[in-house]
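I open this notebook to record what I looked up in the model, entry by entry. I begin with a term and then go from the whole chain to single residues.

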Amino acid sequence: MRELARFAMKGPLNASGIAFAACLVPMMFWLGAATVALVTLRHGTSKGLNVFAWAMAPALGWWLGLQDPTALVVVILSFALAQILRVTVAMNRTLLFGFGLSVLVGVLTPIIMPGALDMLQVVSDELLKQIAVDSQIEVNEEFRASFQDLMIASFAASFYLMSIGSLFLARSWQAALYNPDGWREEFHQLRMGPIDMVVIVSAMMIGPSTGIDGYLLVFSGLVPVLICGFALVHGVIGKKNLGGQWLIGFYAMVLVLFPASLAIIVFMAMVDSGADFRSRIQASPKSE
């Protein structure tokens, strides 16, 4: 991956070619989005837009031809997040802005992606039929509408999460090429400040009264909080030099206790926004 990033940074044609090819190949759009983000972070808006345009060409093809908006949305969000990170130089604020962008995607989905919404409706109806058979419950119009809102929220949060993944990959490439170990240190220190957390929680609570779907707010809002929770664990393990086996154990626990483990991680991240556990932990000396 590092060599691919090095090749992309040798010139605009290299980066544009990688972004175009990655978005053209099924399920590889994340790589194209990461390339767009890398160029944007390193060289700014102008050069980032050139690569973005090449990535958008096949992404638009997927959307217009097969009604699949995934590549299109992820590339756009990744480019936007890279722009925000470049301006703010703060990953926590970038995640906060990303929360707003995710909500915007969910709100605009019925307007700008009616074809995708029709496909979502077909999937929803099939799932509801199976749920009705298995659970022996009556599926009325209110239940169907609520379930569709849930599906839209999950898709918007998924797009947001994939965009963050592409941004993180770009940031790790940037660090590997120009600032070794910089990404590790940045991720280990990632946390939502008290104001950031208040904004997210307030949006979740007040948003539904303005007409924004509650599922959309909660799903999108939980994404940055969860990421900061994972960063907290990585940061504590890294600061105490506990070794990779602790991370393996942590992720094994997440899988075994899923989904309760996610609730614990969210709670830890929310408390950490005020307590800042990592600043209170004394670093252990590195072993020779």
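Entry 1, a term. Before placing anything in a loop I fix what a helix is: helices are DSSP runs of H or I with at least four residues, numbered from the N terminus. The model I am reading is a predicted one.

Entry 2, a loop with an unusual bond. With that settled, I looked up Phe258 and found that it sits in the loop between helix 12 (244-256) and helix 13 (260-275). Pro259 belongs to the loop between helix 12 and helix 13 as well, and the peptide bond that joins Phe258 and Pro259 is cis, with omega of about 5°. I noted this bond since most peptide bonds are trans. Is Phe258 buried or exposed? Its relative accessibility is 53%, and because exposed means over 50%, Phe258 counts as exposed. I also took one distance from here: Glu126 is 132 residues from Phe258 in sequence, and their C-alpha atoms are 26 Å apart in space.

Entry 3, the whole chain. I counted secondary structure next and found 14 helices and zero strands. For overall dimensions I read the C-alpha trace along its principal axes, where it spans about 65 × 45 × 35 Å. How does the radius of gyration fit a compact globule of 288 residues? Such a globule would have a value near 19 Å, and the chain has 20 Å, which agrees. Of the 288 residues, 44% count as buried. Turning to contacts between residues at least 6 apart in sequence, I noted that 73% of them join residues at least 24 apart.

Entry 4, the nonpolar cores. In soluble globular proteins, nonpolar side chains tend to be buried together, and I went to see where that happens here. The largest nonpolar core has 75 residues, and those touching the most other members are Met91, Leu95, Ile164, Leu167, Phe168, Leu190 and Ile227. Helix 8 gives the most to this core, with 13 residues. Apart from this core lies another, of six residues, including Leu117, Phe147, Met151 and Ile152.

I then followed two members of the largest core. Leaving aside neighbours within four places in sequence, Phe168 is in contact with Met91, Trp183, Phe187, Leu190 and Ile227. Ile164 lies in helix 8 and, with residues up to four places away not counted, touches Leu81, Leu95, Val223 and Ile227. Its relative accessibility is 2%, so Ile164 counts as buried. Asp213, which is 49 residues from Ile164 in sequence, is 22 Å from it in space, C-alpha to C-alpha.

Entry 5, the largest pocket. I wanted to know which residues lie nearest its centre. Of the 16 lining residues, these are Leu161, Leu222, Val223, Leu226 and Ile227. Two elements, helix 8 (141-178) and helix 11 (214-239), give two or more residues each to the lining, and helix 8 gives the most, with seven. The space in this pocket is about 400 Å³. By class, I recorded 13 nonpolar and three polar residues in the lining, and no charged ones.

Entry 6, a buried arginine. Arg278 lies in helix 14 (residues 277-280), and with a relative accessible area of 2% it is buried, since the limit for that class is under 20%. What is Arg278 in contact with, leaving aside neighbours within four places in sequence? The list includes Phe187, His188, Gln189, Leu190 and Arg191, then Ala231, Leu232, Gly235, Val236 and Lys239, and also Asp272. Between Arg278 and Leu161 there are 24 Å in space, C-alpha to C-alpha, at a separation of 117 residues in sequence.

Entry 7, positive phi values. Most residues other than glycine have a negative phi, and I looked for exceptions. One of them is Met27, with a positive phi of about 65°; Met27 is placed in the loop between helix 2 (12-24) and helix 3 (29-43), and at 64% relative accessibility it counts as exposed. Asn241 also has a positive phi, near 50°, and is found in the loop between helix 11 and helix 12. Its relative accessibility is 34%, so Asn241 counts as partly exposed.

Definitions and conventions: Residues are numbered from 1 along each chain as its sequence is written. This is a predicted model: local features need pLDDT of at least 70, side-chain atom pairs count only at pLDDT 80 or more; totals for chains, interfaces and linings use all residues. Side-chain values use heavy atoms; hydrogens and water are left out. On a 1 Å grid over the protein atoms alone, a cavity is a set of points where a 1.4 Å probe fits but cannot get out, and a pocket is an open set with protein on both sides within 12 Å along at least five of seven lines; lining residues have an atom within 4 Å of a point. Grid points are joined across faces, edges and corners, and a volume is the space filled by probe spheres set on the points. Ala, Val, Leu, Ile, Met, Phe, Trp, Tyr, Cys and Pro count as nonpolar, Asp, Glu, Lys and Arg as charged, and the others, Gly among them, as polar. A nonpolar core is a set of buried Ala, Val, Leu, Ile, Met, Phe, Trp, Tyr and Cys residues joined through side-chain atoms within 4.5 Å. Buried means under 20% relative accessible area, exposed over 50%, partly exposed in between (1.4 Å probe, protein chains only). Contact means heavy atoms within 4.5 Å. The radius of gyration is taken over C-alpha atoms; the globule rule is 2.2 Å times the number of residues to the power 0.38.
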